[in-house]
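User: I would like a close look at one part of this structure, with the neighbouring parts brought in where they help. Please keep it plain.

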Amino acid sequence: MNIKVLYFASLRDAVGRAEESLELPSGISTVADLRAFLADRGDNWSALGTGRNIRAARNQRMAGPSEPVSPGDEIAFFPPVTGG
Amino acid sequence: MSVSVQQADFDVGAEIEALSHGRGDVGAVASFVGLVRDASDGAGISAMTLEHYPGMTERALEEIVAEARVRWQLADVRVIHRYGRLEPGNQIVFVGVAGAHRGEAFEACEFIMDYLKTRAPFWKLEETPQGARWVDARDSDDSAASRWE
């Protein structure tokens, strides 16, 4: 399935890009699966690794690790928010 | 419209006035204004850049306002949050709440700020003499938000 992934703030700086379109291999069905798949690409992508404090959103709503990922989704990864 | 995410500055007096304009049922307006400070964690701050997630940020703020309106009987609510590059003394955020009495106005204003701090996708990049640095989230913001749960 094809999805769009966005990265914000310090995480965008760490991975070196703001967004990408991805054709996912089979077996990736949740936000946690996607994050592990991205982190496994190595180098800069280790910024998405399990030890890091990263939040996710699916289609512009906060999403936990077990949230399903569906074709056409917009998934965003970012550090904890610091507005206000 | 109750929520705005914008680069432009805002007029606090005009925003407060608009919350009760033309209505007789408002007995209290509580407001909060957040400003850029010139120092943070021991470093001088010459400017900061606020980044947001267009679309999600507006939606998150609207959901926070909706949640406040479920918890308290409110006449009107206004939230403005700026993005882009700001300098010390500049206004960042405005929350204004109008109600019949001060109790709900004070509480709802504080609730909206506490939830905004932990749920609205904004990130601050500070400019210091040592270079730019992303602001880390504070545990105290999480505990402030959790007291409403």
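How many residues does the hairpin use to join β9(B) to β10(B)? Please start from there and describe the surroundings of the strand, including the pockets.

Analyst: The hairpin between β9(B) and β10(B) runs through two residues. The model is a predicted one, and every value below is computed from it.

Strand β9 of chain B spans residues 122–128. Five of its seven residues are buried, so the strand is mostly covered, buried being under 20% relative accessible area. On the hairpin side, β9(B) is joined to strand β10, residues 131–134 of chain B, by four bridges, and the two run antiparallel. Within that pairing, E126(B) is placed opposite R133(B) of β10(B). β9(B) also has strand β5 of chain B, residues 47–52, as an antiparallel partner, here over six bridges. One position in that pairing is L50(B), whose bridge partner in β9(B) is K124(B).

K124(B) leads on to the largest pocket. K124(B) is among the residues nearest the centre of this pocket, together with G83(A), G84(A), R37(B) and K117(B). In total, 31 residues line the pocket, and the space inside comes to about 540 Å³. β9 is one of the elements of chain B that supply at least two lining residues each; the others are β2 (28–35), β3 (39–40), β8 (91–99), α3 (102–119) and α4 (139–146). α3(B) gives the largest share, six residues. Sorted by class, the lining holds 16 nonpolar, six polar and nine charged residues.

The second largest pocket has about 210 Å³ of space. Its lining takes in Q60(A), R61(A) and M62(A) from chain A, and M56(B), R59(B), A60(B), E63(B), I64(B), E67(B), Y115(B) and R119(B) from chain B. Two or more of these residues come from each of β4 of chain A, α2 (56–71) of chain B and α3 of chain B. Helix α2(B) has the largest share here, with six residues. The class count for this lining is five nonpolar, one polar and five charged residues.

Q60(A), one of the lining residues of the second largest pocket, is in the loop between β3 (55–58) and β4 (61–63) of chain A. Its phi is positive, about 70°, although Q60(A) is not a glycine. The side chains of Q60(A) and E74(A) make a polar contact of 3.2 Å. Leaving out residues up to four places away in sequence, Q60(A) touches E74(A) in its own chain and Y53(B), P54(B), G55(B), M56(B) and R59(B) in the other.

Another residue of chain A with a positive phi is A9(A), at near 55°, and A9(A) is likewise not a glycine. A9(A) belongs to helix α1, residues 9–15 of chain A. A9(A) counts as buried because its relative accessibility is 1%, under the 20% limit.

Helix α2 of chain B leads back to the starting strand through T57(B), which lies in that helix. T57(B) counts as buried because its relative accessibility is 0%. The side chain of T57(B) reaches the backbone oxygen of P121(B) at 3.0 Å. Beyond residues up to four places away in sequence, T57(B) touches V5(B), H52(B), P121(B) and F122(B). F122(B) falls within the residue range of β9(B), and H52(B) within that of β5(B).

V5(B), another contact of T57(B), sits in strand β1 of chain B, residues 3–6. In a regular strand the side chains alternate between the two faces of the sheet. In β1(B), both faces are covered: V3(B) and V5(B) are buried on one side, and S4(B) and Q6(B) are buried on the other. β1(B) pairs with strand β6, residues 76–82 of chain B, in the parallel sense over four bridges. S4(B) stands opposite I80(B) of β6(B) in this pairing.

To return to the starting point, β9(B) is bridged to β5(B) and to β10(B), contributes to the lining of the largest pocket, and includes F122(B), a contact of T57(B).

Key
Residues are numbered from 1 along each chain as its sequence is written. Chains are lettered from A and ligands numbered from 1 in the order in which they are written. This is a predicted model: local features need pLDDT of at least 70, side-chain atom pairs count only at pLDDT 80 or more; totals for chains, interfaces and linings use all residues. Side-chain values use heavy atoms; hydrogens and water are left out. Buried means under 20% relative accessible area, exposed over 50%, partly exposed in between (1.4 Å probe, protein chains only). Two strands pair if DSSP finds at least two bridges between them. A polar contact is a pair of N or O atoms within 3.5 Å; within protein, one must be able to donate a hydrogen and the other to accept it, and residues adjacent in sequence count only if both atoms are side-chain atoms. Contact means heavy atoms within 4.5 Å. On a 1 Å grid over the protein atoms alone, a cavity is a set of points where a 1.4 Å probe fits but cannot get out, and a pocket is an open set with protein on both sides within 12 Å along at least five of seven lines; lining residues have an atom within 4 Å of a point. Grid points are joined across faces, edges and corners, and a volume is the space filled by probe spheres set on the points. Ala, Val, Leu, Ile, Met, Phe, Trp, Tyr, Cys and Pro count as nonpolar, Asp, Glu, Lys and Arg as charged, and the others, Gly among them, as polar.
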